[in-house]
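Colleague: Before I use this model, I would like to go through the labels attached to it and hear the reasoning behind each one. Could you show it to me first?

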Amino acid sequence: MRHTTREKTMDLFTPLTLGDLRLDNRIVMAPMTRRRADADGTPTKLQAEYYAQRAGLGLIITEGVYPSREARGYPGQPGIITSEQAAGWARVADAVHDAGATIAMQIMHGGRVTHPDITGTERIVAPRACLTNIAGTRR
């Protein structure tokens, strides 16, 4: 059966289940660098507002979030390594959920663009070493 342009457009607004995620529609916001975190990488109220404003989308994928100090790639990038950062992300997620949307966090390592002046550490590690530190075991 041949679909018209209108029928294809209508498909974008139909619900979709992806594993355990039930999305209200099939529109996904790709991750984009925002640089709105505090100096210590804690997500701010502005980030919660930014993501909640986009709650009409089926799925929101956050900006890249660093999982270890060595993985931080740029100032203003949010992290997920301290209790303050986790609480900041909980506020973001709550704002998005309260607005009726689903949000997923993109974990990101800065790679070769990291620098001790940004990370606050003397050593720069590759993404695999970073993930090994998080997981506690080598895979």
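**Reasoning behind the labels**

Modeller: The chain exposes about 8600 Å², of which carbon and sulfur atoms supply 54%. The model is a predicted one, and buried residues make up 35% of the 139 residues in the chain.

Colleague: What pLDDT does the chain average, and which element of the chain has the lowest mean?

Modeller: The chain averages a pLDDT of 85, with 83% of the residues scoring at least 70. Among the elements, helix H5 (residues 127-135) has the lowest mean pLDDT, 57, whereas H3 has the highest, 97.

Colleague: How many helices and strands does the chain have, and what pattern do they follow along the sequence?

Modeller: There are 5 helices and 5 strands, and read along the sequence they follow the pattern α-β-β-β-α-β-α-β-α-α.

Colleague: Why is the pair of Tyr-50 and Tyr-51 called edge-to-face?

Modeller: By the rule used here, the count comes to 2 aromatic pairs. In the pair of Tyr-50 and Tyr-51 the ring centres are 5.1 Å apart and the planes make 75°; the centres therefore lie within the 6.5 Å limit and the angle is over 60 degrees, so the pair counts as edge-to-face.

Colleague: And what makes the pair of Tyr-51 and Trp-89 tilted?

Modeller: For Tyr-51 and Trp-89 the values are 6.4 Å centre to centre and 45° between the planes. The distance is within 6.5 Å, and the angle is neither under 30 degrees, as stacked would require, nor over 60, as edge-to-face would require, so the pair is tilted. This pair links distant parts of the chain, with Tyr-51 in helix H2 (residues 45-52) and Trp-89 in helix H3 (residues 83-98), 38 residues apart. Tyr-50, Tyr-51 and Trp-89 form one aromatic cluster.

Colleague: How do you know that Tyr-51 and Trp-89 are buried?

Modeller: Buried means under 20% relative accessible area. Tyr-51 has 1% relative accessibility and therefore counts as buried, and Trp-89, with a relative accessible area of 6%, is buried because that value also falls under the cut-off. Tyr-50 is buried as well.

Colleague: Why is Arg-91 called partly exposed?

Modeller: Arg-91, which is placed in helix H3, has 46% relative accessibility; partly exposed lies between under 20% and over 50%, so Arg-91 counts as partly exposed. Leaving aside its neighbours within four places in sequence, Arg-91 is in contact with Thr-42, Pro-43 and Ala-48. Arg-91 and Glu-49 are 42 residues apart in sequence, and their C-alpha atoms are 9.8 Å apart in space.

Colleague: What makes strand E3 and strand E5 the edge strands of the sheet?

Modeller: The sheet is open, has 3 strands in the order E3-E4-E5, and its pairing is parallel. Strand E3 (28-29) and strand E5 (103-107) each pair on one side only, and they are the edge strands.

Colleague: How do you know that E3 pairs with E4?

Modeller: Two strands pair if at least two bridges are found between them, and 2 bridges join E3 to strand E4 (residues 59-65), so the two strands, which run parallel, count as paired. The bridge partner of Met-29 in E4 is Ile-60.

Colleague: Which strands do helices H2 and H3 meet?

Modeller: H2 packs on the sheet and touches E3, E4 and E5, its direction making about 150° with that of E4. H3 lies across E4 and E5, running at about 145° to E5.

Key
Residues are numbered from 1 along each chain as its sequence is written. This is a predicted model: local features need pLDDT of at least 70, side-chain atom pairs count only at pLDDT 80 or more; totals for chains, interfaces and linings use all residues. Side-chain values use heavy atoms; hydrogens and water are left out. Rings of Phe, Tyr and Trp (its six-membered ring) pair if their centres lie within 6.5 Å; planes under 30 degrees apart count as stacked, over 60 as edge-to-face and the rest as tilted. Buried means under 20% relative accessible area, exposed over 50%, partly exposed in between (1.4 Å probe, protein chains only). Helices (H or I, at least four residues) and strands (E, at least two) are DSSP runs, numbered from the N terminus. pLDDT is the predictor's confidence in each residue, from 0 to 100. Contact means heavy atoms within 4.5 Å. Axes are lines fitted to C-alpha atoms, for helices over the stretch in contact, and angles run from 0 to 180 degrees between N-to-C directions. Accessible areas come from the Shrake-Rupley method with a 1.4 Å probe; for residues, only the protein chains shown count as cover.
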